Amino acid sequence: MDKIRIRGGSRLKGRIAIGGAKNAALPLMAACLLTDRPLVLSNVPRLADIETLGRLLDRHGVTRSEHVTNGTATLTLTAAGVTDTTAPYDLVRKMRASVLVLGPLVARCGQARVSLPGGCAIGTRPVDLHIDGLRRMGAEIEIDGGYIEARAPRGLSGAEIVFPSVSVGATENLMMAAALAHGETVLVNAAREPEVTDLAHCLVAMGAEISGIGTDRLKIVGRDRLDGAHHTVVADRIEAGTYAMATAITDGDVVLANARQAQLAAVVRVLYAAGVRVEETPGGLHVRRANGALAGVDVMTEPFPGFPTDLQAQVMALMTVAEGASMITETIFENRFMHVPELARMGAHITVHRASALVRGVGRLTAAPVMATDLRASVSLVVAGLIATGATEINRVYHLDRGYERLEEKLSSCGADIERVRDDG
Ligand code: UD1
């Protein structure tokens, strides 16, 4: 299996182009199932997860074509007729976001059979909120043989759905379903992540009527049919935040092209307190330390507009070399500290107690062979490797390939000593 090898110590300097957001592109792709007309998505990142969802859409009878210009992909998806409404286990278990086809399939076809995704490295991650919401809209749902069997032969009906807790995926699934339901749906305590907003804008372009976009109360008036549209995927705030941490840890100076401060406000506040400046410039977000030192800061993950759980591992890597202590609290996923023992192998001083990790900054990290069990944990090891003394080898690179486009190329263009080592053994 391939490895990433990093020799730490180079300061990152230059410009990194931030791609389209994976977590926006996935629901946008699922939205193609809502219409028989072409949905054209530009700024789609070229990632393993995108291909996995593409293969699932193939099964449903979607035709897709990709057009690449200047390194960015435009995807045309046409679900002229949905030929198969089953999302099989072998595809859903590879990527949980596959469950996003559930709402669109039931709304359009009156039925769907979607495998339950099961647990994953960062927690149990149930889909009860997706299922309860569809039931409120009139779907009959049974769990049979590990599959969600949903039926709504006369279509879905609008309903008021109050989420007991915030879920990005459930908000997206139900917003898509509501766009083709009879009558009005109100989603209360909806997720407000920029990726949810991006999907809402695309659905509006397809002819849906949605108000409250960007708030936690979305009102969707269903249509009999939706049209095709052309939509540009929003920039990846998590990729941008990751490179901001990478820049900060190396005491570098990097401009993140296409990144938007408004989507990273909580991250910018944390970085500011740590002694890192992030400024909006015409070329993008300019990241550099204020006056040399990094200071420990406390961080708690929360739904947007709070600090994103998808940047928790990376900010922890940054804090391992900050002066003083930092308390990092994870409130979204119950098991998202898988990177801690690996960072400890590089010399980090971290103590975990329940949902909080106390990080005491150390003078330096040292390289070690490490591996991680999920995407963000893996990239936190890349961030740590950039400053560690010696050659860090990160195994299980396929996690990185799920979510970071051309990672080695982007970092080495700013001076990092990073390479992919092919291992055919
Ligand atoms: C999305 C993101 C993921 C990010 C997460 C939180 C995508 C493809 N993935 O995942 O990168 O880390 O948001 O920002 O966009 N929950 C339930 N029942 C449900 C649904 C969720 O209890 O039916 C719980 C989850 O276990 C978790 C919390 O709610 O503890 C938030 O999960 P959710 O926002 O749904 O995450 P995803 O949409 O799966």
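Started with burial: 56% of the 425 residues in the protein are buried (under 20% relative accessible area, 1.4 Å probe, protein chains only).

Noted for the record that this is a predicted model, where local features need pLDDT of at least 70, side-chain atom pairs count only at pLDDT 80 or more, and totals for chains, interfaces and linings use all residues. Residues are numbered from 1 along each chain as its sequence is written, and side-chain values use heavy atoms, with hydrogens and water left out.

Next I checked overall size. The radius of gyration is 21 Å, which agrees with the value near 22 Å for a compact globule of 425 residues (taken over C-alpha atoms; the rule is 2.2 Å times the number of residues to the power 0.38). The C-alpha box along the principal axes came out at roughly 65 × 45 × 40 Å.

Then contacts (heavy atoms within 4.5 Å). Of those with a separation of 6 or more, 74% link residues 24 or more positions apart.

I counted 14 helices and 24 strands, as DSSP runs numbered from the N terminus (helices H or I, at least four residues; strands E, at least two).

I picked one sheet to look at. It is open and mixed, with four strands in the order β18-β19-β21-β20; strands pair if DSSP finds at least two bridges between them. At the edges sit β18 (299-300) and β20 (349-353), each pairing on one side only. Helix α10 (residues 312-319) packs on this sheet and touches β18, β19, β20 and β21. Its direction makes about 170 degrees with that of β19 (axes are lines fitted to C-alpha atoms, for helices over the stretch in contact; angles run from 0 to 180 degrees between N-to-C directions).

Last, I looked up β19 (residues 325-329) against β21 (residues 356-360): they run antiparallel, joined by five bridges. A325 has R360 as its bridge partner in β21.

Key: Buried means under 20% relative accessible area, exposed over 50%, partly exposed in between (1.4 Å probe, protein chains only).
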